[in-house]
Amino acid sequence: MSAVAAAHLNAALDHVAARFWDPKLSVAAVAREVGISPRYLQRLLVTTGPSFTARVTELRLQRALTLLTGPCDNKRTISDIALEAGFTDISHFNRLFRSRFGDTPRGVRGPG
């Protein structure tokens with residue numbers, strides 16, 4: 001990978017890490033921010049690991065897990081936590097969460 005491609009990739013990954021919680025985050029938005037085409041960004045991502053969607057989903061799931069298992073969040077609803085992590089569809093969030101962590105968000109949270 002050339003130095004320019006690596007710089008583009010690093011800038012895109014930094015942007016994703018800073019904005020993954022935004023439900024409007026998209027390949028096009030990140031590419032625009034970095035100054036490259038969406039197709040080029042997708043090619044860069046695929047050559048280095050998971051797809052854009054997989055990366056964003058993992059970051060969102062990890063954030064939701066952190067919020068669900070944190071000491072101060074038992075008063076917040078699971079829906080609120082899912083929304084804060086960037087999910088807009090709670091059913092989809094529940095399915096992804098269970099698939100990734102082997103338990104439901106409520107099961108991970110434990111007694112409230």
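Good morning. Among contacts in this protein between residues at least 6 apart in sequence, 58% join residues at least 24 apart. I should say at once that the structure before you is a predicted model.

Let me set out the overall architecture. The protein has seven helices and zero strands. Read from the N terminus on, its elements therefore run α-α-α-α-α-α-α, with helices taken as runs of at least four residues. The C-alpha trace spans about 50 × 25 × 20 Å along its principal axes. Of the 112 residues in the protein, 35% are buried.

I turn now to the largest pocket. Its volume is about 170 Å³. Two elements, H4 and helix H6 (90–101), give two or more residues to its lining. Which element gives the most to that lining? It is H4, with five residues. The residues that line the pocket include Phe52, Thr53, Val56, Thr57 and Arg60. Also in the lining are Leu25, Gly86, Phe87, Thr88, Asp89, His92 and Leu96. By character, the lining residues divide into five nonpolar, five polar and two charged.

Phe87, which helps to line this pocket, leads us to the aromatic residues. A pair of aromatic rings is described by the distance of the centres and the angle of the planes. With centres within 6.5 Å as the requirement for a pair, the count comes to three aromatic pairs. I shall describe two of them. The rings of Phe87 and Phe93 have their centres 5.0 Å apart and their planes at 50°, so this pair is tilted. The rings of Phe93 and Phe97 have their centres 5.6 Å apart and their planes at 55°, so this pair is tilted as well.

How are Phe93 and Phe97 placed along the chain? They are four residues apart in helix H6, and therefore about one helical turn separates them.

Are these two residues buried or exposed? Both Phe93 and Phe97 are buried. For Phe93 the relative accessible area is 0%. Phe87 has a relative accessible area of 6%, and because buried means under 20%, Phe87 counts as buried too. Taken together, Phe87, Phe93, Phe97 and Phe101 form one aromatic cluster.

Two members of that cluster bring us back to H4. Leu65 lies in helix H4, which covers residues 52–69. Which residues does Leu65 touch, if we do not count those up to four places away in sequence? The answer is Phe97, Phe101 and Val108. Thus H4 appears in two parts of this account: it gives five residues to the pocket lining, and it holds Leu65, which touches Phe97 and Phe101 of the aromatic cluster. One further distance concerns Leu65: its C-alpha atom and that of Ala82 are separated by 9.4 Å, the two residues being 17 apart along the chain.

My last item is Arg109. This residue is found in helix H7, residues 105–109. Is Arg109 buried or exposed? Its relative accessibility is 16%, and because the limit for buried is under 20%, Arg109 counts as buried. Its side chain reaches the backbone oxygen of Arg76 at 2.6 Å.

To close, I would ask you to keep three items in view as you look at the model. The first is the pocket lined in part by H4 and H6. The second is the aromatic cluster of Phe87, Phe93, Phe97 and Phe101. The third is the side chain of Arg109, which reaches the backbone oxygen of Arg76. Thank you.

Conventions
Residues are numbered from 1 along each chain as its sequence is written. This is a predicted model: local features need pLDDT of at least 70, side-chain atom pairs count only at pLDDT 80 or more; totals for chains, interfaces and linings use all residues. Side-chain values use heavy atoms; hydrogens and water are left out. Contact means heavy atoms within 4.5 Å. On a 1 Å grid over the protein atoms alone, a cavity is a set of points where a 1.4 Å probe fits but cannot get out, and a pocket is an open set with protein on both sides within 12 Å along at least five of seven lines; lining residues have an atom within 4 Å of a point. Grid points are joined across faces, edges and corners, and a volume is the space filled by probe spheres set on the points. Ala, Val, Leu, Ile, Met, Phe, Trp, Tyr, Cys and Pro count as nonpolar, Asp, Glu, Lys and Arg as charged, and the others, Gly among them, as polar. Rings of Phe, Tyr and Trp (its six-membered ring) pair if their centres lie within 6.5 Å; planes under 30 degrees apart count as stacked, over 60 as edge-to-face and the rest as tilted. Buried means under 20% relative accessible area, exposed over 50%, partly exposed in between (1.4 Å probe, protein chains only). A polar contact is a pair of N or O atoms within 3.5 Å; within protein, one must be able to donate a hydrogen and the other to accept it, and residues adjacent in sequence count only if both atoms are side-chain atoms.
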